[in-house]
Amino acid sequence: MKALFLAGGKGMRLRPLTDRIPKPMVPVMNKPLLERTMLHLKKSGITEMVISSCYQPKKIKDYFGDGKQFGLKIRYIVEDFPLGTGGAIKNAEELFDETFIVVNSDIVCDIDMLKMLEYHKKNHGIATIAVTEVEDPSAYGVIESDKHGYAVSFVEKPEAGSITSNFINAGIYIFEPEVFAEISLDGPVSVERVTFPKLLENGHKIAVYKDQSYWIDIGTLDKYKQVHKDILTGRCR
């Protein structure tokens, strides 16, 4: 199975760390975040990876090359302009013809990918979304699921009074290749705001994988500092 890394963001809120390097290359304990995430997937037997980038793509390719030094096989897609998360997935269509994983490249987590894959296969959906529980989901994409574990609604950054679930999109997905037919590439597309709701409207099942493993996105300087504190105190392995 292959993995697609969405690595196109500029990381504006991480400046000055991202003035000279793209966000996925920001160091976590002196090693690029993207490298740590890729090696985490390698432990689950996933060694073929595609990196979709836009901002300073050469910095990423110069570091990873073809992946051999990491025991990986790496290919690259470079966007001429930001396509959004859904657009980046659609743009990689020709490289995926079976079940595949998509990972946002600004998260640190220790989700067991093999367990998530087993869950995906058992539930027979077109997609499975990893979710994590947070105290305040207002800055994230909130997902509601039914008693069978399938998504019923998606709400991006809900207002405090309208929050009905504390489970948020963790930025890790497993897709069947049929999902490509549901994504148009007329311009930038958000998988969170457009693709997932469309899949529900068209009658597709989306499984929700609830995981209580460590998870954080490092989109801000405060969270970047927090992940290092969590590593040093043992909260993050």
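**Group meeting: cysteines, pockets and one leucine**

Hi everyone. Let me start with the disulfides: this structure holds 0 of them. Keep in mind that what you are looking at is a predicted model.

So what about the cysteines themselves? Take cysteine 236. Which cysteine sulfur is closest to its own, and how far away is it? The partner is in cysteine 109, and the two sulfurs are 8.9 Å apart. A disulfide needs the sulfur atoms within 2.5 Å, so this pair is too far apart for a bond. Cysteine 236 is also buried, because its relative accessibility is 8% and the cut-off is under 20%. Cysteine 54 comes in at 19%, so by that same cut-off cysteine 54 counts as buried too.

Now, cysteine 109 turns up again in the pockets, so let's go there, beginning with the largest pocket. The space inside comes to about 1100 Å³. Its lining is made of 37 residues, and those nearest the centre are Lys23, Thr85, Asn104, Asp106 and Glu192. Several elements contribute two or more residues each: β1 (2–7), α3 (84–91), β11 (167–175), α5 (191–201) and β13 (215–217). Which of them gives the most? That is β11, with 4 residues. As for chemistry, the lining splits into 13 nonpolar, 13 polar and 11 charged residues.

On to the second largest pocket, with a volume of about 530 Å³. Here 20 residues form the lining, and Arg36, His40, Lys43, Cys109 and Arg237 sit closest to the centre. So there is our cysteine 109 again, one of those central residues. Two elements, α1 (33–42) and β7 (107–109), each supply at least two lining residues. The top contributor is α1, which gives 5. By class, we have 11 nonpolar, 3 polar and 6 charged residues in this lining.

Last stop, and a change of scene: leucine 17. You will find this residue in the loop between β1 and β2 (27–28). Is leucine 17 buried, partly exposed or exposed? Its relative accessibility is 30%, and since that falls between the 20% and 50% cut-offs, leucine 17 counts as partly exposed. What does leucine 17 touch, once we set aside neighbours within four places in sequence? The contacts are Val26, Leu221 and Tyr224. And if you want a distance to check on screen, try proline 27: 10 residues from leucine 17 in sequence, and 9.1 Å away in space, C-alpha to C-alpha.

That's my tour. Thanks for listening, and I'm happy to discuss.

Conventions:
Residues numbered from 1 in each chain as written. Predicted model: local features only at pLDDT ≥ 70, side-chain atom pairs only at ≥ 80, totals over all residues. Heavy atoms only, no water. 1 Å grid on protein atoms, 1.4 Å probe; cavity = no way out; pocket = protein on both sides within 12 Å on 5 of 7 lines; lining within 4 Å. Points joined across faces, edges and corners; volume = space filled by probe spheres on them. Nonpolar A, V, L, I, M, F, W, Y, C, P; charged D, E, K, R; others polar. Buried < 20%, exposed > 50% of the residue type's maximum accessible area, 1.4 Å probe, protein only. Contact = heavy atoms within 4.5 Å.
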